[in-house]
Amino acid sequence: MKILEERIREEGLILSDTVLKVDSFLNHQVDTELALQIGQEFKMIFGHLPVTKVLTVEASGIQFAMAAGIALKVPFIYAKKKKAITQSEDVYSAPVHSFTRQEHYRISISQKYLGPGDKVLIVDDFLATGAALVGLADIVEESGAELLGVGCVIEKSFQEGRSLLEKRGIPVHALARIASMAPGEIHFIDNTADIEEMIKESAGC
């Protein structure tokens, strides 16, 4: 997604060879028009699949899961990091380690909203170590639902997240794939051909 790569180049702040801040337009202050375009891009990639639910984890994936849900015309669910006192029903849960926050927590989803018969698309803002996405995949498996794929806005391709998911047979597609970065420079992987092939499949070509 070229417009996304351009925004990352122009507004992204590279703090180190592993840390990228995009909080001016993606995950703190959100460019809502860009978020909706991202949702449409996910629709073009995954629209040929019988998705019934879009799944993410709070908080930074919510706007993109919602945009994808709007585009696909299906509900979206976000896994909670802390169980609220109003959440008295049974839940599916999984442990997760946060790379950016350096902390462990459990994510959970009410069993009322996910179960056998659901066809799930996972959407998140970043794919790096893959910990949160593996946790979501575990929840989908526990629920008896079918995981159709994972869509990420930005992927740090030099980290192990993609390989962890693909080893489990999960299709992974990222809109901007970073090959390497350092303060003052960033290099992307051109995955245009892969995206175009998915779009052709979605259109039934």
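**Close-ups of the annotated site and a strand pair**

**View 1. K156 sits buried in this predicted model**. Its relative accessibility comes out at 5%, and since the cut-off for buried is under 20%, K156 falls on the buried side. The residue belongs to strand β8, which runs over residues 146–156. Follow the K156 side chain and you get to the backbone oxygen of T18, 2.6 Å away. K156 also turns up in the UniProt record, where an unreviewed entry lists it under "binding site" along with L20 and N27.

**View 2. N27, another residue in that UniProt "binding site" annotation, is on a loop**. The loop in question links β2 (20–21) to α2 (32–46). With a relative accessible area of 25%, N27 is partly exposed. Skip the neighbours within four places in sequence, and what's left touching N27 is V22, S60, Q63, D125 and F126.

**View 3. Strand β5 has a buried face and a face that isn't**. Walk along residues 91–98 and the side chains alternate. Y92, A94, V96 and S98 go to one face and are buried; V91, S93, P95 and H97 go to the other and are not buried.

**View 4. β5 pairs up with β6**. The pairing is antiparallel and takes in eight bridges, with β6 covering residues 103–110. For a handy spot to zoom in on, try Y92: across from it in β6 stands I109. Y92 is also one of the buried side chains of β5.

Definitions and conventions:
Residues are numbered from 1 along each chain as its sequence is written. This is a predicted model: local features need pLDDT of at least 70, side-chain atom pairs count only at pLDDT 80 or more; totals for chains, interfaces and linings use all residues. Side-chain values use heavy atoms; hydrogens and water are left out. UniProt positions are given in the numbering used here, feature names are shortened, and annotations may be inferred rather than shown by experiment. Helices (H or I, at least four residues) and strands (E, at least two) are DSSP runs, numbered from the N terminus. Buried means under 20% relative accessible area, exposed over 50%, partly exposed in between (1.4 Å probe, protein chains only). Contact means heavy atoms within 4.5 Å. A polar contact is a pair of N or O atoms within 3.5 Å; within protein, one must be able to donate a hydrogen and the other to accept it, and residues adjacent in sequence count only if both atoms are side-chain atoms. Two strands pair if DSSP finds at least two bridges between them.
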